[in-house]
Structures are given as structure tokens and as C-alpha cells.
Amino acid sequence: MKALLELHYLQNFAPSNLNRDDTGSPKDAFFGGTRRLRISSQAFKRAMRQDFKDRKILTPEELGHRSKRLLEKGLVQRLVTGADAIGADQARWAAEAVLLMQGIAFVEEKNEDGKYAISDTKSEALAFMGEQNIARVVNILKSDPDLTERLAKVLSDYREKARKGRGYKGTIGESDAKKKLRGAVGTALGARRKDIEEALDGRRAVDIALFGRMLADLPDKNADAAAQVAHAISTHALRERQYDFYTAVDDLKPDDNAGADMLGTVEFASATVYRYACIDLAKLLENLQGDRELLERGLRAFLYASVFAAPTGKQNTFAAHNLPGLMVQVVRRNASPRNLANAFEKGVRAEGGQGYLAPSIAALADEMRWQNGVFGDAGTARFVAREGGDAVFGEAMPDVAALIDATVTDALKALEA
């Protein structure tokens, strides 16, 4: 049983295509026997991470980078600049060695001469690493030339030998090869191994602490997420697909040339969606290594992003900048998570010209009331609603700022209980 912060939001989106599938269609899912609009949790988390950077409640050093280009853009560019710069080749090899210890392996690509080059590399998968961790690694490598030289030699020797082998495709190899190479890198690190491992512990990056990090090659370097974010689904059935048939006209065409110069279609949908997320507060504090001040700012950043951030797909076409119409935030102690999507297992209907928001609010209130009655531990709830509302949602707050202030205060108290 855990101390939890839970979010239950209802949000209208006007005609849009915020999160599309491989065919360009808005994502969907079947729930309660009917097709629903779906917006993936990954799309919302990406938007929230961007909001963290823009809102500046958190500093850049307290956030991470998710990229395949951590070698060149993250480490090497910093290692080869400044008064204490390291030579380019040595910097690249040493940086690759360090990242390999984090379970991040890179693939060499052929250059214009048809030869493999470490300068043209990307990691095998997207890797998540904190800005603070990158800076610490750079400082260690720049301050210890002997260490940097040893690491660079291990990787350069390995790559040089591998390039001469038959069937080399730019990869380090399978898991056994990576394990053996990590062992050689570990030996080269010697007494500095602990320093590097501590520098690479990315959990103090708030977005990594919240959303986690998975490294298939080195599971012990994974970071378990403190936050869970559900896919948003519409509270009602989507009865038909909608298409925008568009035309574009050439501004410089002759006057006597009638008709459009480009034709096309864009699929879109509009819906009221239910959004759910929860944070294990104790896990977040653990991931942030007990830093309560950072926890407080991390919670504020998360809550503001949960309200204002949305996926950006096709926004230049649709500009569906629609904020939530209901925001319920609940702090519960000694609790288990409660997604209230079953409120919409039977899709709501827009009857009497009232739209979908009002009946969705009523259905959510009924489900919350039923779950509180059956399972107990209603927690401390607060809400802001565009219309209506219900006593089961807790205390009505005047605005988003007041709602977030009260929720953060209560979340910190829950950790002390």
C-alpha cells in the first residue's frame, strides 16, 4: 500500500489529429464494445517533458535527454571544447566506453569512403540520461587524462579488431560480447569505477525519476518509474471517421488556369477524453535520493504539465489547444491505484444538446462515489470544473494555481504520515 497522488481529468478536444497511427489516422481503441478515440500515454509524457523545459520550475540540470545521439551531442561535443579539451578521437572512444557501462551501445555507420567511423554513430535504441550526469562524466574524464587514455584504448582496440572481422555491421555484438567488453572497460576504470557509476545514476533527473528508464542490455541500470500515465480514451463512442478534403492553389499560376494545384485528405476526430495518471510519492522521493525540495518542484512541474501540455500532432492544421474541463486531484495514503475509466465502459450520450462534458462529469462522479463506498479510503480530493462538479470530487478550488498548491502541500504531508 502506498501514498499516491492521482489525477482524473476530462478534456474536450476539438477536431484534431493529436496522435496518429502508422496510416495517419487518429489512434483508437475498443472499450465497452465501441470504438473510442485514444491518445497514447507516450504522446502525453513527451508533451509533459517539453513543458518541464519550457516552464522552468526545474532547471536544465534537473532534467534528462532522451536520444540516440548521446555520444556525439551529449558527451563528445563537451569533451573537445574548452581550455581542458580532449582530442577528438580519444574523446569519442572514452565516451563510448563510459556509456557502454550504462548499458548504452552504439552502432557505427559507414562514411562517404565506405569505411566505418565512430563519428557517425547512434545508440541501438533511444537512451535516457540526465543532464547532470552528462556534466559529471565530462568533468571526470577531463580531470583524469590517464583514465581517459585507458578507456579510449579499450574501445579503439576492440573496434579496430571488429572491423577486420567478417560480417561486421557496426555493432558491438550480442550480449556476451557486450558483457566481455564491459568487463574490459571496468578493468580500465580501476579505482574510478565507483565514481563513474555514481555519476551515471540518472535518477536525480526528475523526468527519469517520474517516467523511468529501461535498458534491455543492462537491466540493473533501469530506473523504475514513479508515475503511471494511462492512455486517454474518449468517454463516448466514435461513430464515424471524419476527413478533411483540402486543396491548395499556386499563388503564381496564370489567371486562366483554374483549379487547385494540390489535393489531399487529412483524417481527424473530436471527443471528450478521460485522462488518468498516478504517482507513487514514496517511490518518487526514493528516485530523487531523498531530496524533498526537488520532489516538491518536481510535483509542481508534473501537475502544471498535466494541465497545460498536450500532444502536438497536426496542431498547425487544427490548433486544438483545448484545456481540461474537469481536473480532480486526489492524495490517498496507504492506498492502491484507482483508474476510473469504468465510468465510461458504457459510453455517455450527448442528449438534449448538452454535449459530452456534462454527462461525462456525472458518470465520473458516480464511479468515484461507488469505488469510494466499496473500497474505502477516499483520500483528500480537490477539483476545478468548467461546469457542474460534485461533492465526491472534494473541495472546489478557484483556479489551477490554487488547486496545485493545495495538492502539493497535501502530498508532502502524506509522505510524512
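Q: Which helix does K73 lie in?
A: The model is a predicted one, and in it K73 lies in helix α2, which covers residues 70-79.

Q: Is K73 buried or exposed?
A: The idea is to look at relative accessible area, where buried means under 20% and exposed over 50%. K73 comes out at 52%, so it counts as exposed.

Q: How many residues of α2 are buried, then?
A: The helix is mostly covered, with 7 of its 10 residues buried. Those buried residues are L70, L71, E72, G74, L75, V76 and L79. So K73, at 52%, is an exposed position on a mostly covered helix.

Q: What does K73 gather with on the surface?
A: K73 joins K68, R69 and K122 in a patch of positive charge on the surface.

Q: And which residues form a nonpolar patch on the surface?
A: W370, V374 and F375 do, and together they have about 350 Å² of accessible area. F375 is part of helix α12, a helix that will come back when we get to R369.

Q: Let's do salt bridges. How many does the structure hold?
A: The general idea is a side-chain nitrogen of Lys or Arg within 4 Å of a carboxyl oxygen of Asp or Glu. The structure holds 27 of these salt bridges.

Q: Where do K164 and E160 sit relative to one another?
A: Both are in helix α5 (residues 145-164), and because they are 4 residues apart, about one helical turn separates them. Their side chains meet in a salt bridge at 4.0 Å, N to O. For cover, K164 is exposed at 66% relative accessible area, while E160 is partly exposed at 44%.

Q: What about K283 and E286: how far apart are their closest N and O atoms?
A: They are 3.5 Å apart, and the two residues form a salt bridge. Here the spacing is 3 residues within helix α9, so again about one helical turn lies between K283 and E286. Check the cover on each side: K283 counts as buried at 17% relative accessibility, whereas E286 counts as partly exposed at 45%.

Q: Which salt bridge partner does R369 have?
A: R369 pairs with D390, and the closest N and O atoms are 2.4 Å apart. This pair links distant parts of the chain, 21 residues apart: R369 is in helix α12 (residues 357-375), and D390 is in the loop between β13 (380-385) and β14 (395-396). On accessibility, R369 counts as partly exposed at 38%, and D390 counts as partly exposed at 22%.

Q: Which residues are linked in a network of salt bridges?
A: Look at E96, E108, R159 and R163, which are linked in such a network.

Q: Back to α9. Is N287 buried or exposed?
A: N287 belongs to helix α9, residues 281-287. Its relative accessible area is 1%, so N287 is buried. Now follow its side chain: it reaches the backbone oxygen of A209 at 2.9 Å.

Q: How should I read a positive phi?
A: Start from the usual pattern: most residues other than glycine have a negative phi. Against that background, K56 has a positive phi of about 65 degrees although it is not a glycine. K56 lies in the loop between α1 (41-55) and β4 (64-67), and it is exposed, with a relative accessible area of 64%.

Q: Where does N334 lie, and what is its phi near?
A: N334 lies in strand β12, residues 326-335. Its phi is near 50 degrees, a positive value in a residue other than glycine. N334 is also exposed, with a relative accessible area of 57%.

Q: How many residues apart along the chain are A269 and A14?
A: They are 255 residues apart along the chain, yet their C-alpha atoms are separated by 7.6 Å. A269 is in strand β11, which runs over residues 262-280, and at 9% relative accessibility A269 counts as buried.

Q: Zooming out, how many helices and strands does the chain have?
A: Count 13 helices and 14 strands. Of the 417 residues in the chain, 51% are buried. The C-alpha trace spans about 75 × 75 × 40 Å along its principal axes.

Key: Residues numbered from 1 in each chain as written. Predicted model: local features only at pLDDT ≥ 70, side-chain atom pairs only at ≥ 80, totals over all residues. Heavy atoms only, no water. Patch = residues over 30% accessible without salt bridge, like charges linked within 9 Å, V, L, I, M, F, W, Y side chains within 5 Å. Areas by Shrake-Rupley, 256 points an atom, 1.4 Å probe, with all protein chains shown as cover. Lys, Arg positive; Asp, Glu negative; His and termini not counted. Charge placed at Lys NZ, Arg CZ, Asp CG, Glu CD. Helix = DSSP H or I, 4+ residues; strand = E, 2+ residues; numbered from the N terminus. Buried < 20%, exposed > 50% of the residue type's maximum accessible area, 1.4 Å probe, protein only. Polar contact = N/O pair within 3.5 Å; in protein donor to acceptor, adjacent residues only side chain to side chain.
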